[in-house]
Each structure stands twice: as structure tokens, then as C-alpha cells.
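The following exercises concern surface patches and cysteine pairing. Each task is followed by a solution in steps.

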Amino acid sequence: MLLRKYVSLLKIAGKFELKRIKYYKIDYVINLFGKVMFLLTNLLFWRILSNIGYELKGWEYKDITVFIAFSELFYGLENAVFSMSSRFWRYIYSGNLECGLVRPVDTRIRFLLLNVDFVGLICTIIEFVTILLICHINQSVLCIIAGVILVLCSNIVLSLIRLCMSYTAFWHGRMDAISEFADSLNTFNKYPLVIMPRPVILIFKILLPFYFFSTFEAELVRGMMDTKILLTSLAMFVICLLFWICINNVIWRRGLERYEGING
């Protein structure tokens, strides 16, 4: 029964997305062109650095290419599915949250599902596969699948962090600045985080998921880690995920205790 509710939500969201495409066709075309140009420029940038002999702590051009593939996958998933979590405070501030609380589907999940960009999601998958094919990345399919799952999970952790920020609206009302700050967190995905000092990398593994946005996936797929480091890093990521799930639920429950809706 619950699964049927989720499927129904996806159908509604799909209809909304088709209407958006119909009304904003030129915008979609220009946006797609911009993404292609950015990707080509990014690949060319790293190719030039490789040709002049620049090395990023032992990373070769193919390693960087895998990183770019997972980086684009992360950004695509973030923009298509999870970006609205930084604006959940508006749902609270508007006083309409109670309309979602009476639904059988968790209001936070419902909020995200109704804002999914299905076209962007499909384009992201195509882009990810295309980069791997064009650059002849002949790696283990299982490692690539594991990398995709980790990117999805890191997006979930980032979304949980953004939701925690949005919950401040329960206490402080309008929080435009929170959206700006929360959106800026994905900038940690621009370059492989091996450039960071070791203490910072540890923080990005245990408390914040930044290292798992794309850097860890590239190292996993390219076989740049031994078994001990791999298992340790995965354990740290699980700790990070569980930590933010707990924090999210605690703040959410306390925020609901303070909530007063339109008829409160």
C-alpha cells in the first residue's frame, strides 16, 4: 500500500515535469548546451595539465576522468533529486507543513519527490555512462555500481544535513541565508580532496560526507586503495550516515513540538 503511494507521487511529479518541458523548451536546450560545454572544457583543462606533466598526488589523467564522471553524477543527482532539501524551511515557514503531516508518506520524502527533475536525472545517467565510454574506462562493473551507490548515499547524507539546517525555521522563521549556505556545500566536489591535509580528510570522512562525493569513488574504481583503507573508509562513511540520520530525527521531532501551522 505504501509503495503504491510512492508510485502515485512519482507519476504526479512526472506529469509536472512534462509540463515544465513543454513551457520552457528553449531553457532546457540552452541548459543542456551549457552542461556539454562545461564538461568538454573541464576534460580539456585536466588534459592540458596532464600533458605539461602536472600530477595530483599520483593521480593520472584517467583517474581524474573517473573523478569527473562521478563528480558529474553527484551534481546531477543533487540537482535533480536532493537540491530542494535546502529549501524545506519554506514549507515550514509558510505554515503548510501540517498538510503534509496528515499524509501516509513522510512529508520530507513527499516534498523531495514532488520536486524531482526527471529529465535532469535521465540526462545525468546518460552523461555519466558517456564519460566512462568515451574515455575508455575499462573498470570492474561491480566497482562502478558500488561507486554509484556511494554517490547516492553521500547525496542522502548531504540532504540530511540540509534538512537539519532547514529545521531552524521552526525556531527562527524565514531562513533565506540557510539556503545559500546549504547550497554552497557541494562546492567541495570540484577537485579531488586528496589535496587536503590528512586531519581535514578525516573530518570529511567521519563527520561530513565531502570525501565521498566523488573522490572516494574514483579511488575505489581505479583501485587506488588497499583493503585496509577501503574498509576503514567505508566504516567511517557508515558512522557519518548513522550520525546524521539520528541528528535529523532528533531535531525534526523537537521542531514539530514547536510548530504552529495556519490553524495552530
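A residue is called buried under 20% relative accessible area, exposed over 50%, and partly exposed in between (1.4 Å probe, protein chains only). The model is predicted: local features need pLDDT of at least 70, side-chain atom pairs count only at pLDDT 80 or more, and totals for chains, interfaces and linings use all residues. Residues are numbered from 1 along each chain as its sequence is written, and side-chain values use heavy atoms, with hydrogens and water left out.

**Exercise 1.** Determine whether Lys 22 is buried or exposed, and state which residues gather with Lys 22 in a patch of positive charge.

Step 1. Lys 22 has a relative accessible area of 59%, so this residue is exposed.
Step 2. Lys 22 lies in helix α1, residues 2-23.
Step 3. Lys 11, Lys 15 and Lys 19 gather with Lys 22 in a surface patch of positive charge. Patch members have over 30% relative accessible area and no salt bridge; like charges are joined within 9 Å, nonpolar side chains within 5 Å. A salt bridge places a side-chain nitrogen of Lys or Arg within 4 Å of a carboxyl oxygen of Asp or Glu.

**Exercise 2.** Establish how many disulfides the structure holds.

Step 1. The criterion is a pair of cysteine sulfur atoms within 2.5 Å.
Step 2. Searching the whole structure yields zero disulfides.
Step 3. For Cys 164, the nearest cysteine sulfur belongs to Cys 246, 11 Å away. Cys 164 is buried, at 10% relative accessibility.
Step 4. For Cys 240, the nearest cysteine sulfur is that of Cys 153, 11 Å away. Cys 240 is buried, with a relative accessible area of 0%.

Key: Areas by Shrake-Rupley, 256 points an atom, 1.4 Å probe, with all protein chains shown as cover. Lys, Arg positive; Asp, Glu negative; His and termini not counted. Charge placed at Lys NZ, Arg CZ, Asp CG, Glu CD. Helix = DSSP H or I, 4+ residues; strand = E, 2+ residues; numbered from the N terminus.
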